[in-house]
Amino acid sequence: MTQREQTNDINVVQRILDEYPIMILDGALATELEQHGCDLDDPLWSARVLLENPDVIVNVHADYFRAGADCAITSSYQATVEGFRKRGIGEEAALDLIRKTVELAAKARDDVWAEVQASGAGDAGERRPRPVVAGSVGPYGAYLADGSEYVGHYGVSDKTLAAFHRPRMAALIEAGADVLAFETIPSLQEARVLVELLKEFPNAQAWISFSLKDGTSISEGTSLEVCAQTFGSEPQIAAVGLNCAPMEVVTEAIGILRQACDKPIIVYPNSGETYDAETKTWSGQGSCGSMKDASEQWVAAGAQIIGGCCRTTPHQISELAKKWRS
C-alpha cells in the first residue's frame, strides 16, 4: 500500500486560516443519517450505512456543504478492520470500505462546489474557500462500542493501539483525505500512539481533538494543559482541541489550550444532551440552538476552527457560516 502523493508543505487547515478568520466544520453525521431513516442501533454505528446505503452518506455530507461547511468529516469514525471482521468482512474489503468514506465525502464536496461555482459564488469575494475532507480516526473505545471513548482507560498496550489504528490511517490517506481527524480521543496514551503513527506518513497532517471530563481535563483525567504542551510543537499536527463536549465547558477549555500551545484551536461540541453508553440513548435538553451566539465567546477565547458534534444539525452549521462569513 502506497501513500497518496501529497505536497509535504501543504497544511490545508492553515491554508484556509491564512485567508479566512474562522474555519467552519460540519455537524453530526449520525443524527442526520437517522433523520434520513437509517437504523444505527449497531456496533458499527454510522459505518453500517456504508454497507447498506452509502448514497445517504453523500446526501448528508452535501447538506453540510450547502449549509456552508468548509470541511466534511468522513463516516469512518467507527469503520475499522476489526469491526468489519466481526461482520465476516475480510481485511481488504474492510479497507476498501474505509477508503470509500473519503470518496463519498469528496463526491459530495465536488458536487456542491460545482453548484456553488455555477451560481457565481464561492470565490474569495464570497468569503468561502473550497471545502476539504477530513478522514475520521475515532478512538479505540469507539470500536469497543461501550462508551470507552468517554473514559479512556482501555488497559491495552501501545502496540495494540498502533496495530488497531495503522491500517485505517493508511487507507484514509491513500484515498485522498486532505487531513486526518484524530477525534474524541480520551487518553494521552492513545493520543501519543496516534501522533507517532502519523510520522509513518510524513506528508500527512492531522488535528487532534479530545473528549473531556470537564473544562480543564480530558476524559481519563489528564490536564488539557499537558495535552496541549505535549502536541503543540508537533509539525504534523494542524490543530489541537476538543469535540463531543457540552458547550458550557468549551470557553474554559479554549483558554487553557490557547495558553499552552500556539496551534490553531479546534472545537466542535455536542448539542448539550447526555449520552448513555449502556442504553445508547440521549437525554436532557439540547442547547445547540445557541451555538451561533456561544461561538462569539469561543472565538474571543482563541478558537479558529468551529463546528458541531453529536446531535447538531446543518441548521446550526448554516448559522455559524452566516455569522462568520458575513
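Q: Two strands pair if DSSP finds at least two bridges between them. In this predicted model, which residue of β6 is the bridge partner of Phe-210?
A: Start with the strands. β5 covers residues 206–210, and five bridges join β5 to β6. Five meets the cut-off of at least two bridges, so the strands pair. They run parallel, and in β6 the partner of Phe-210 is Leu-242.

Q: What is the strand order of the open sheet?
A: The protein chain has 10 strands alongside 13 helices. Eight strands form an open sheet with parallel pairing. The order is β1-β10-β7-β6-β5-β4-β3-β2.

Q: Which strands stand at the edges of the sheet?
A: The sheet is open and holds eight strands. An edge strand here has a single partner strand, so one of its sides is left without a neighbour in the sheet. The two strands in that position are β1 and β2.

Q: Which residue of β10 stands opposite Met-23?
A: β1 spans residues 23–24, and β10 spans residues 303–306. Two bridges join them, and they run parallel. Opposite Met-23 in β10 stands Ile-305.

Q: Which residue is the bridge partner of Ile-266 in β10?
A: β7 covers residues 265–268. β7 and β10 pair in the parallel sense over three bridges. Met-23 stands opposite Ile-305 in β10. The partner of Ile-266 in β10 is likewise Ile-305.

Q: How many residues of β3 are buried?
A: Take the two faces in turn. On one side, Val-132, Ala-134 and Ser-136 are buried. On the other, Val-133, Gly-135 and Val-137 are buried. The buried count for β3 is six of six.

Q: Which residue of β4 is the bridge partner of Ala-134?
A: β3 pairs with β2 in the parallel sense over three bridges, and Ala-72 stands opposite Val-133. β3 also pairs with β4 (residues 179–185), again in the parallel sense, over four bridges. In β4, the partner of Ala-134 is Val-179.

Q: How far apart are the end C-alpha atoms of α4?
A: α4 has 14 residues, 54–67. The expected span takes 1.5 Å times one less than the number of residues. That gives 20 Å, so it agrees with the modelled end-to-end distance of 20 Å.

Q: How many of the 14 residues of α4 are buried?
A: Buried means under 20% relative accessible area. Among the residues of α4 that meet this are Val-58, His-61, Tyr-64 and Phe-65. Their cover includes α2, α3, β2, α6, β3 and α13. The buried count for α4 is 10.

Q: What phi does Gly-68 take?
A: α4 ends at residue 67. Gly-68 comes just after α4. Its phi is positive, at about 115°.

Q: Is Asn-243 buried or exposed?
A: Asn-243 lies in β6, residues 237–243. A polar atom of its side chain is 2.7 Å from the backbone nitrogen of Thr-184. Asn-243 also touches residues including Glu-183, Ser-209, Tyr-268 and Cys-309. The relative accessible area is 0%, so Asn-243 is buried.

Q: What separates the C-alpha atoms of Ala-253 and Val-267?
A: Ala-253 is in α11, residues 250–260. Ala-253 counts as buried because its relative accessibility is 0%. Its contacts beyond four places in sequence are Leu-212, Gly-215, Leu-224 and Leu-242. Val-267 is 14 residues away along the chain, and the C-alpha separation is 9.4 Å.

Q: How many disulfides does a search of the whole structure find?
A: Cys-310 is buried, with a relative accessible area of 12%. A disulfide needs cysteine sulfur atoms within 2.5 Å. A search of the whole structure finds none. For Cys-310, the nearest cysteine sulfur is that of Cys-244, 3.5 Å away, and Cys-310 is in no disulfide. The total is zero.

Q: What share of the 326 residues counts as buried?
A: The protein chain exposes about 12,800 Å², and carbon and sulfur atoms supply 45% of that area. Among contacts between residues at least 6 apart in sequence, 78% join residues at least 24 apart. The buried share of the chain is 59%.

Terms used. Residues numbered from 1 in each chain as written. Predicted model: local features only at pLDDT ≥ 70, side-chain atom pairs only at ≥ 80, totals over all residues. Heavy atoms only, no water. Buried < 20%, exposed > 50% of the residue type's maximum accessible area, 1.4 Å probe, protein only. Contact = heavy atoms within 4.5 Å. Areas by Shrake-Rupley, 256 points an atom, 1.4 Å probe, with all protein chains shown as cover. Polar contact = N/O pair within 3.5 Å; in protein donor to acceptor, adjacent residues only side chain to side chain.
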